[in-house]
Amino acid sequence: MEVRDVARRRRRPAAVLGAFALSLSVVAWAPQAAAAPDDADLAGLSETQLSSQEQPATGIPGVDEIRNSRNVKHLANLPKPAPFTASSTWSDLAFQDGYAFDGNYDGFVIYDVRNPRKPSIVSTVWCPGSQNDISVKDNLLFLSTDSSRSDNSCASTPLPATNKDAWEGIKIFDISDKKNPKYVAAVETKCGSHTHTLVPDKKGKNAYLYVSSYSPNATFPDCQPPHDLISIVKVPLKDPASASVLSETVVFPDGGNPGRDGTIEEGYVRATSGCHDITVYPSKDLAAGACMGDGVLWDISDREKPREINRVQDNVNFAFWHSATFNNAGTKVVFTDELGGGGAPTCNEKIGPTRGADGIYDITGRGDDRKLEFRSYYKISRTQGDTENCVAHNGSLIPVQGRDIMVQAWYQGGISVWDFTDSGNPKEIGWFERGPLPDGAVGGSWSAYYYNGYIFSSDMAKGFDVLDIRDPRTATAKLVRVGELNVQTQGSYRDLFPR
C-alpha cells in the first residue's frame with residue numbers, strides 16, 4: 001500500500017506490499033492432514049462446483065457478511081489485541097517454525113499457529129513506524145519504517161520529513177525468546193524503507209536486505225531526487241548490531257518510466273523513483289523488481305551488485321507496479337498493479353478486468369538474453385461495492401507439484417486462489433471475502449499466504465485469519481512442511497515431493 005502520511009511525502013491514496021518464499025534449510029515431512037468431517041460434502045463435486053459460492057446469493061454481501069467458495073473454509077479469526085487500537089493497520093506476514101509474525105503500523109504480533117484451528121497470541125510489540133513490513137531469519141526479525149520519526153526507538157513520535165533529524169529505515173529484533181522479543185539495532189536508509197527483501201548470502205554468514213523506497217522531494221534532507229536506487233543493508237548474522245548500509249545501488253541510471261498523470265478512471269502511470277517491492281529467488285540467482293512504472297528482472301549472482309537483465313513497462317493498464325511472484329520453476333513472474341494505491345474501489349465494471357490486476361509474464365530465452373514476455377491479466381470477477389477498496393495485492397505460491405497456483409489478497413475483494421499454469425488463461429479455483437466495512441471504512445486482506453497446509457491472512461481491520469483450501473487440485477500441498485517463510489525470498493519445492 002502507498003502510505004499517505006502527513007509527516008511524509010505521498011501524493012496519492014494509501015497502501016503496500018508482496019510473494020512466496022520457502023526456506024528449505026528446515027524441511028520436515030508430515031502425513032497428509034486428516035480430512036475434516038465436512039470434507040465429505042465436497043466429494044464428487046466438479047471443479048466448477050468446488051469453486052462456486054457455498055451459499056448462493058446475489059448482489060454485494062452485507063456489512064461484514066462472509067461469503068466463500070465451497071472449497072475454502074474459514075477456520076479462525078483473532079481480532080486486534082491490546083495495545084493496538086482499531087486504527088492500527090495490519091500489514092505483512094512472515095513465518096518460522098509454527099509461528100506467524102504479523103506486522104502492523106504500530107508494531108508486530110507473534111502468533112502460535114501450530115494448531116491452525118486455534119491460533120494464539122504469544123507476544124505483542126509496540127513499535128510505531130509504518131508500514132512495519134516484516135521478515136525473519138533465524139533468531140532475527142526485521143521491520144521497515146517508512147514514516148518520519150523523531151528517533152529510531154520504539155518510543156519515537158512523528159516528525160516531518162523536512163526535519164534533518166527525522167529517522168527512517170530498518171529496525172532489528174532478537175526473537176530467540178518469542179515471548180519477549182528484544183530490540184537489537186537500527187539502520188537508517190535514504191527515503192526510509194517502504195518494504196525490504198531478505199537475501200541470504202551463499203556462505204550463510206550474512207543476510208542482505210534490499211530496501212525499497214521512493215518518492216523523493218527536494219525539501220527532504222534525507223530523501224533528495226533523483227532516487228533511482230535500492231539501499232542494500234548488510235547484516236552479519238553473528239553480530240547483527242553491526243548491520244550497516246553496504247551500498248546505495250542505482251538501478252535506473254536512465255531515470256526509469258517518466259510516468260503519466262491522470263485519474264484512476266482515466267488511467268495514470270506513476271513515474272519511477274525507486275522500487276516498491278522486490279522478490280528474490282536466491283537458488284536461481286534471480287530477482288524481480290516491481291518499481292512503480294517498471295517491471296525488472298535482475299541477476300543477483302553477486303548479492304551485493306544486482307544487474308539488470310530485462311525491463312518492461314505497461315503504460316496502458318499498469319498504474320503502479322507493486323509486487324512480484326515467481327512460479328516455482330522460475331520461468332514466470334506475476335506482477336501486481338496497485339491502481340489507486342490500495343485505497344480505492346477498483347474491482348468494478350467501471351475499471352474493468354485489465355487494470356488493478358495481475359500481469360502474467362513468461363521468462364523466455366537464456367542467460368543475458370532472457371526477456372519478460374507478457375501473456376495475460378488476471379483479476380477477480382466478483383464485483384465489489386463502491387466503498388470497498390479492492391486491487392491486486394500480496395500473495396504466495398501454493399506448493400502444488402507440476403502446477404502454478406497461488407493465493408492472493410485483494411483488500412476488501414477478499415482472498416483468491418487461482419491457477420496460472422496456462423499463462424495465457426489463468427482461472428480462479430477458490431475464494432473468500434467479507435462484505436463492506438461499516439461506514440465505508442478502508443480495510444480487507446493485506447497479505448494472504450500459504451504456510452504448511454493452510455492460508456493465513458493479515459486483515460487491515462479484522463486482524464488475523466486462518467483458512468483452509470480443500471480441493472483435489474491443491475491436495476499435494478498439504479504434504480509440504482517448511483521451517484521459514486519470507487514471501488519475498490522464494491525457495492524451490494521441486495524436490496520435496498516423493499517420486
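Is Cys-347 buried or exposed? With a relative accessible area of 6%, Cys-347 is buried, because buried here means a value under 20%. The structure is a predicted model, and a search through the whole of it finds 4 disulfides. The points below describe three of these links, then an open sheet built from 9 strands, and then the largest nonpolar core, which has 21 residues.

**The link between Cys-127 and Cys-154**

- Cys-127 is joined to Cys-154 by a disulfide, with a sulfur-to-sulfur distance of 2.1 Å.
- Because the torsion about the S-S bond of this pair is about -80°, the disulfide is left-handed.
- Cys-127 sits in the loop between strand 6 (120-126) and strand 7 (131-137), while Cys-154 sits in the loop between strand 8 (140-149) and strand 9 (167-174), so the bond ties together parts that are 27 residues apart in sequence.
- Cys-127 has a relative accessibility of 0%, and it therefore counts as buried.

**The link between Cys-191 and Cys-223**

- A disulfide is also formed by Cys-191 and Cys-223, whose sulfur atoms are 1.9 Å apart.
- The angle about the S-S bond of Cys-191 and Cys-223 is 100°, and this link is right-handed.
- The pair connects distant parts of the chain, since Cys-191 belongs to the loop between strand 10 (182-188) and strand 11 (195-200), and Cys-223 belongs to the loop between strand 12 (206-212) and strand 13 (229-236), 32 residues apart.
- Both cysteines are buried, with a relative accessible area of 2% for Cys-191 and of 3% for Cys-223.

**The link between Cys-347 and Cys-390**

- Cys-347 and Cys-390 are joined by a disulfide in which the distance from S to S is 2.0 Å.
- This link is left-handed, with an angle of -75° about the S-S bond.
- Cys-347 lies in the loop between strand 20 (332-337) and strand 21 (358-364), and Cys-390 lies in the loop between strand 22 (371-378) and strand 23 (394-398), so the pair holds together parts that are 43 residues apart in sequence.
- Cys-390, the partner of Cys-347, is buried with a relative accessible area of 0%.

**The pattern of the disulfides**

- When the bonded cysteines are counted along the chain, the disulfides follow the pattern 1-2, 3-4, 5-6, 7-8.

**The open sheet**

- The 9 strands of this open sheet come in the order 1-26-25-24-23-27-28-29-2, and their pairing is mixed.
- Strand 1 (66-68) and strand 2 (72-78) are the edge strands, each of which pairs on one side only.
- On average, and with direction ignored, neighbouring strands of this sheet are turned by 20° against each other.
- Strand 24 (residues 405-409) and strand 25 (residues 415-419) run antiparallel and are joined by 5 bridges, and within this pairing Ile-405 stands opposite Asp-419 of strand 25.

**The largest nonpolar core**

- Among the 21 residues of this core, those that touch the most other members are Phe-95, Tyr-111, Val-113, Tyr-451, Phe-456, Phe-464 and Val-466.
- Two or more residues of the core come from each of strand 2, strand 3 (90-96), strand 5 (107-112), strand 27 (445-451), strand 28 (454-459) and strand 29 (463-469).
- If residues up to four places away in sequence are not counted, Tyr-451 touches Phe-95, Gln-96, Asp-97, Gly-98, Val-113, Phe-456, Val-482, Gly-483 and Leu-485.

Terms used. Residues are numbered from 1 along each chain as its sequence is written. This is a predicted model: local features need pLDDT of at least 70, side-chain atom pairs count only at pLDDT 80 or more; totals for chains, interfaces and linings use all residues. Side-chain values use heavy atoms; hydrogens and water are left out. A disulfide is a pair of cysteine sulfur atoms within 2.5 Å. Helices (H or I, at least four residues) and strands (E, at least two) are DSSP runs, numbered from the N terminus. Buried means under 20% relative accessible area, exposed over 50%, partly exposed in between (1.4 Å probe, protein chains only). Two strands pair if DSSP finds at least two bridges between them. Axes are lines fitted to C-alpha atoms, for helices over the stretch in contact, and angles run from 0 to 180 degrees between N-to-C directions. A nonpolar core is a set of buried Ala, Val, Leu, Ile, Met, Phe, Trp, Tyr and Cys residues joined through side-chain atoms within 4.5 Å. Contact means heavy atoms within 4.5 Å.
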